[in-house]
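Visitor: I would like to learn how to read a protein model, one feature at a time. Please start with a single residue and build outwards.

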Amino acid sequence: MTLAGEQTKESTARVPVHQQVYAQLREAVLFGELAPGQAVTIQGLIERTGAGMTPIREAIRRLTSEGALEFRGNRRVVVPLLTVDAIDDLIFLRESVETRLAEQAVAHISARQIARLEQIDSRLDEAITRGDVSAYLRRNYDFHALLYEAAEAPILLDVANSVWLRFGPSMRVVCGRMGTQNLPDNHKTALEALHKKDAAAVGEAIRQDVTQGMEEIRDALREGTGFAEMID
């Protein structure tokens, strides 16, 4: 899982154009810059990225295969709208996969990685204090991404990547409505457990963290809140 914002200009220049476009559009979905139910057009993405039609088509194909985008009739592509049933499935996956990743990370994570997690969590706290939803979402992702990378479990990591793409746009909407003060953050509990090398406690902290966030989305759907009306 690639940490958002960690690539240098030099390393980016070595990445093929189609991969750069995919990464750019993936982030737009992951962090809710493309909203649930929003139609996505090739021309619009060309204007957004400055890329040509071929890499845009390839990025759409990849993101569709990952469930981040969805083909509709008349060759339309949209960001999927989640249902309550879909949220329940995603909660099950997140509790299973991400808890396991967090537990496995304990056996492999270095002191340097834990220090980096603490830095990210500090920046997340600053985002919460500022009420900066965009920064909150990115720092929250960075924290989970780095922790899960440490697990050295590529199959589980691939599943986690796909799941995050499916709920990211809806999480942005819910966070935008709620503000940042009441958003879930069990990271400090996880960090304390990491220092103690307590795998079960790390897993439980992450399980609570991801479940609380998903339940916020589910509650919004059950209340009948239209996500389209919640977009800033």
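Guide: Let us begin with Thr189, which lies in helix H9. Helices here are DSSP runs of H or I with at least four residues, strands are runs of E with at least two, and both are numbered from the N terminus. Keep in mind that this is a predicted model, where local features need pLDDT of at least 70 and side-chain atom pairs count only at pLDDT 80 or more, while totals for chains, interfaces and linings use all residues. Residues are numbered from 1 along each chain as its sequence is written, and side-chain values use heavy atoms, with hydrogens and water left out.

Visitor: What is the relative accessible area of Thr189?

Guide: The scale is this: buried is under 20% relative accessible area, exposed is over 50%, and partly exposed is in between, with a 1.4 Å probe and protein chains only. Thr189 has 44%, so it is partly exposed. Across the 232 residues of the protein, 47% count as buried.

Visitor: Which residues of H9 are buried?

Guide: Here is the general idea first. An α-helix has 3.6 residues a turn, so residues three or four places apart point the same way. In H9 (residues 187-195), the buried residues are His187, Ala190, Leu191, Ala193 and Leu194. Their arc around the axis, taken from the directions from the helix axis to the C-beta atoms, is only 165°, so they sit on the same side of H9. Glu192 and His195 are exposed, on the face turned away from that buried side.

Visitor: What covers the buried residues of H9?

Guide: The cover includes helix H6 (111-130), H7 and H10. Asn140 gives you a view from H7 (residues 133-149), the helix where it is found. Asn140 counts as buried because its relative accessibility is 12%. Leaving aside residues up to four places away in sequence, Asn140 touches Leu124, Trp164, His187 and Asp209, where contact means heavy atoms within 4.5 Å. His187, one of those partners, is also one of the buried residues of H9.

Visitor: How far is Thr189 from Asp209 in space?

Guide: Their C-alpha atoms are 9.9 Å apart, with their positions 20 residues apart in sequence. For another such pair, look at Ala200 in helix H10 (residues 199-222). Its C-alpha atom is 8.9 Å from that of Thr99, and the two are 101 residues apart along the chain. Ala200 counts as exposed because its relative accessibility is 52%. For the whole protein, take the contacts between residues at least 6 apart in sequence: 77% of them join residues at least 24 apart.

Visitor: Where does the chain show a positive phi?

Guide: Most residues other than glycine have a negative phi, and most peptide bonds are trans. Glu152 has a positive phi, near 55°, and its place is in the loop between H7 and H8. Lys197 has a phi near 55° too, and lies in the loop between H9 and H10. With a relative accessible area of 54%, Glu152 is exposed; Lys197, at 58%, counts as exposed.

Visitor: At what angle do H2 and H8 pack?

Guide: Two packed helices are described by the angle between their axes and the distance between the axes. Helix H2 (residues 17-30) and helix H8 (residues 154-178) pack at about 55°, and their axes are 7 Å apart. That angle makes H2 oblique to H8. (Under 35 degrees is roughly parallel, over 145 roughly antiparallel, 65 to 115 roughly perpendicular, and the rest oblique; axes are lines fitted to C-alpha atoms, for helices over the stretch in contact, and angles run from 0 to 180 degrees between N-to-C directions.) On the H2 side, Arg26, Val29 and Leu30 meet Asn161, Trp164, Leu165, Gly168 and Pro169 of H8.

Visitor: Finally, in what order do the three strands form the sheet?

Guide: The order is S1-S3-S2, in an open sheet with antiparallel pairing; two strands pair if DSSP finds at least two bridges between them. S1 (39-40) and S2 (70-71) are at the edges with a single partner strand each, so one side of each has no neighbour in the sheet. Two bridges join S1 to S3 (residues 77-78), and Ala39 stands opposite Val78 in S3. Stepping back, the protein has eleven helices and three strands, in the pattern α-α-β-α-α-β-β-α-α-α-α-α-α-α along the sequence.
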